[in-house]
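Grab a pencil and keep the 3D view open while you read. Each exercise below gives you a task, and then we work through it together.

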Amino acid sequence: QYHDVWVIAEQRYGEIKPVTFELLGTARRLASARGGQVWCVMLGHNITRYADDCFHRQADVVLAVDDPELTHFVDDTYANIIVDLINKYRPEIVLCGATSRGRALLPRVAVQVNAGLTADCTGLEIEPETGNLLQTRPAFGGNIMATIKCMNHRPQMATVRPRVMSEPELDKNRTGKLISEPLPESMVSRRLHILQTFKDDEDTTSIADAHFIVAGGRGVQGPRGFDVLKEFAHLVGGAVGASRAAVDAGWIEYAHQVGQTGQTVQPRVYIACGVSGQIQHLVGMQSAQTIIAINRDANAPIMKIPDYAIVGDLFDVLPAMADELKRL
Ligand code: FAD
């Protein structure tokens, strides 16, 4: 009754987010093991123009609901539509990015279709004997890896953090089938009215996709301290990250938080400034290619893991590094 692997696409500001493509690559592997197809589900306005981008990255079918009502993401409305599509087409597996949107959307869907949901997976495989989806994710603060199965309900649903899976190779010769579904008025939630939207300063916000992150902790000492980090991030074309202590203090928005209850990031370079390096922070950044830590305390836990540990005051070290870079 249930077949195929679905990826719920995420698009913002006229661009498909890379996590969608990463999941399409994973979906191909899972669908091959199950003898099914890869479907990409796209909701939004003027989104069918992105169908080729998904076909070129392993989607066999793009299932689109394209309507002006869907211009802005509203979790109730989006969930109603996806539930309806699941009931109609019966996918075996549904995947979505563990982004703020994915985390708002997929639990709503899972409850309505009476399925389980494994959040924040880092590994997905098919169990050869049963065909069940093996969903692996860190548990207990990243100290153990748990593998979770959903044996009695379908679809099997999981969210995956951005940058955990690799994007498939772009194949411009691939094509697929586009299915367009109408949006019934009954699906649109009128509970929420969007009065105004504004684009965040993505240069310094989007840590999930950034190749260079300069992150601040309690050592940054206040919101004005983050200006120094923002300046540095602009200089290197990177994004600003933060520890939970800095976010909880209200110095910077949650979208910047790295770690267990923030985002997992995998940049080429991660500079931790005034971050002590507690396990809940480390689980979110320890797979960065190069880690640089700046801390006044040579014995802070973060100073044990980096490629370069600089003992000093971040307000001296970071501007000095910026001056050197400007000279290059
Ligand atoms: P602190 O531990 O206070 O460290 C500040 C550091 O700055 C110190 O090492 C100090 O030497 C240094 N410093 C001070 N001034 C300067 C200066 N001028 N120059 C250089 N260095 C300086 N934390 C996260 O980050 N992300 C999470 O997602 C997260 N999730 C959590 C989930 C749970 C369930 C729990 C219980 C905790 C979680 N935490 C998380 C909190 C975590 O345990 C730590 O409390 C937090 O990471 C500490 O933040 P910090 O390193 O900025 O602050």
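Before we start, one term: contact means heavy atoms within 4.5 Å. Two more will help: helices (H or I, at least four residues) and strands (E, at least two) are DSSP runs numbered from the N terminus, while axes are lines fitted to C-alpha atoms, for helices over the stretch in contact, with angles from 0 to 180 degrees between N-to-C directions.

A word on the model: it is predicted, so local features need pLDDT of at least 70 and side-chain atom pairs count only at pLDDT 80 or more, whereas totals for chains, interfaces and linings use all residues. Residues are numbered from 1 along each chain as its sequence is written, and side-chain values use heavy atoms, with hydrogens and water left out.

**Exercise 1. Work out the order of the open sheet of 3 strands, and find the helix that lies across S8 and S9.**

Step 1. Two strands pair if DSSP finds at least two bridges between them. Going across the sheet, you get S8-S9-S10, with antiparallel pairing.

Step 2. Look at the edges: strand S8 (123-126) and strand S10 (144-148) each have a single partner strand, so one side of each has no neighbour in the sheet. On average, neighbouring strands here are turned by 25 degrees against each other, direction ignored.

Step 3. Zoom in on one pair. Strand S9 (residues 133-139) and S10 are antiparallel over 5 bridges, and Gln 135 has Ile 148 in S10 as its bridge partner.

Step 4. Now the helix: it's helix H1 (residues 18-34), running at about 15 degrees to S8.

**Exercise 2. Do the same for the open sheet of 7 strands.**

Step 1. The order is S7-S11-S6-S1-S4-S5-S12, and the pairing is parallel.

Step 2. Strand S7 (118-121) and strand S12 (177-180) are at the edges with a single partner strand each, so each has one side left without a neighbour in the sheet.

Step 3. Try the pair S7 and S11: they're parallel over 2 bridges, and Thr 118 sits opposite Ala 158 in S11.

Step 4. Add the helices. Helix H3 (residues 75-89) touches S1, strand S4 (38-44), strand S5 (61-66), strand S6 (93-97) and S12, and its direction makes about 150 degrees with that of S4. Helix H4 (residues 100-112) lies across S1, S6, S7 and S11, at about 170 degrees to S11.

**Exercise 3. Track down two backbone oddities, at Pro 155 and Asp 4.**

Step 1. Start with the rule of thumb: most residues other than glycine have a negative phi, and most peptide bonds are trans.

Step 2. Arg 154 and Pro 155 are joined by a cis peptide bond, with omega about 0 degrees. You'll find Pro 155 in the loop between S10 and strand S11 (156-160).

Step 3. Asp 4 isn't a glycine, yet its phi is positive, about 80 degrees. Asp 4 belongs to the segment before strand S1 (5-8).

**Exercise 4. Which polar atoms of Gln 257 and Gly 262 lie by oxygen atoms of the ligand?**

Step 1. A polar contact is a pair of N or O atoms within 3.5 Å; within protein, one must be able to donate a hydrogen and the other to accept it, and residues adjacent in sequence count only if both atoms are side-chain atoms.

Step 2. For Gln 257, a polar side-chain atom lies 2.9 Å from a ligand oxygen atom.

Step 3. For Gly 262, a backbone N or O atom lies 3.3 Å from an oxygen atom of the ligand.
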